[in-house]
Amino acid sequence: MTSPPDRPPAETPAGGLGPSPACRCPTPWPSLVTVVEGRTLAAVPADTPGPAAALYRARCGTCGTEYPLPWRLARPHHHAA
Ligand SMILES: [Zn+2]
């Protein structure tokens, strides 16, 4: 498999206009968020799902559509745990 390491997250899921939910924003998936223990955290698209993806769901930060592709938690800029 030859996939570039840095590709835009505009990839459509298999099936295209299938039953899977799709972001309806002008720019698909302008941002992703996930709610972990009641706190909204930033998420980013990824080639493989991160540990949090197995436990939580990511959604579009604008329209709230559930993100159907692999994602990971974004690196926090502050508030280190
Ligand atoms: Zn959206």
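What share of the contacts between residues at least 6 apart in sequence join residues at least 24 apart? The share is 54%. Keep that in mind on the way through this predicted model.

**Whole chain**

Start with the whole chain and colour by secondary structure. There are four strands and zero helices. Read from the N terminus, the elements run β-β-β-β. Buried residues account for 12% of the 81 residues.

Now colour by pLDDT. The chain averages 82, and 67% of its residues reach 70 or more. Select residues 14-18, where the pLDDT is below 50. Beyond near neighbours in sequence, this stretch makes one contact in the model.

**The sheet**

Select the four strands together. They form an open sheet in the order E3-E1-E2-E4, with antiparallel pairing. E3 and E4 are the edge strands, each pairing on one side only. From one strand to the next, the twist averages 45°.

Go to E1, residues 32-36, and add E2, residues 39-45. The two run antiparallel and are joined by five bridges. Pick valine 33: alanine 42 in E2 stands opposite.

Now add E3, residues 58-60. E1 and E3 also pair in the antiparallel sense, over three bridges.

**The hairpin turn**

Move to the loop between E1 and E2, and select glutamate 37. The hairpin has two residues between its strands. Glutamate 37 has a phi near 55°, a positive value in a residue other than glycine. Most residues other than glycine have a negative phi. Is glutamate 37 buried or exposed? It counts as exposed, because it has 6 C-beta neighbours inside 10 Å, and the limit for exposed is 12 or fewer.

**Leucine 32**

Return to E1 and centre on leucine 32. Which residues stand opposite leucine 32 in E2 and in E3? In E2 it is alanine 43. In E3 it is cysteine 60.

Show the contacts of leucine 32, leaving out residues up to four places away in sequence. Ala43, Val44 and Pro45 are among them. So are Ala58, Arg59, Cys60 and Gly61. Tyr67 and Trp71 are also touched by leucine 32.

**The core**

Next, select the largest nonpolar core, which has eight residues. Leu32 belongs to this core, together with Ala43, Ala58 and Cys60. Cys23, Trp29, Tyr67 and Trp71 are members as well.

Stop at tryptophan 29, in the segment before E1. Why does tryptophan 29 count as buried? It has 25 other C-beta atoms within 10 Å, and 20 or more is the requirement for buried. Check its backbone too: tryptophan 29 is not a glycine, yet has a positive phi of about 50°.

**Cysteine 63**

Last stop: the loop between E3 and E4 (71-73), where cysteine 63 sits. Cysteine 63 counts as partly exposed, because it has 14 C-beta neighbours inside 10 Å. That count falls between the cut-offs, 12 or fewer for exposed and 20 or more for buried.

Which residues are in contact with cysteine 63, leaving aside its neighbours within four places in sequence? They are Cys23, Arg24 and Cys25. Cys23 is also one of the core residues selected earlier.

Finish with a distance. Draw a line between the C-alpha atoms of cysteine 63 and proline 30. The two residues are 33 apart along the chain, and the separation of these atoms is 9.6 Å.

How values were computed:
Residues are numbered from 1 along each chain as its sequence is written. This is a predicted model: local features need pLDDT of at least 70, side-chain atom pairs count only at pLDDT 80 or more; totals for chains, interfaces and linings use all residues. Two strands pair if DSSP finds at least two bridges between them. A nonpolar core is a set of buried Ala, Val, Leu, Ile, Met, Phe, Trp, Tyr and Cys residues joined through C-beta atoms within 7 Å. Two residues are in contact if their C-beta atoms, placed from the backbone, lie within 7 Å. pLDDT is the predictor's confidence in each residue, from 0 to 100. Axes are lines fitted to C-alpha atoms, for helices over the stretch in contact, and angles run from 0 to 180 degrees between N-to-C directions.
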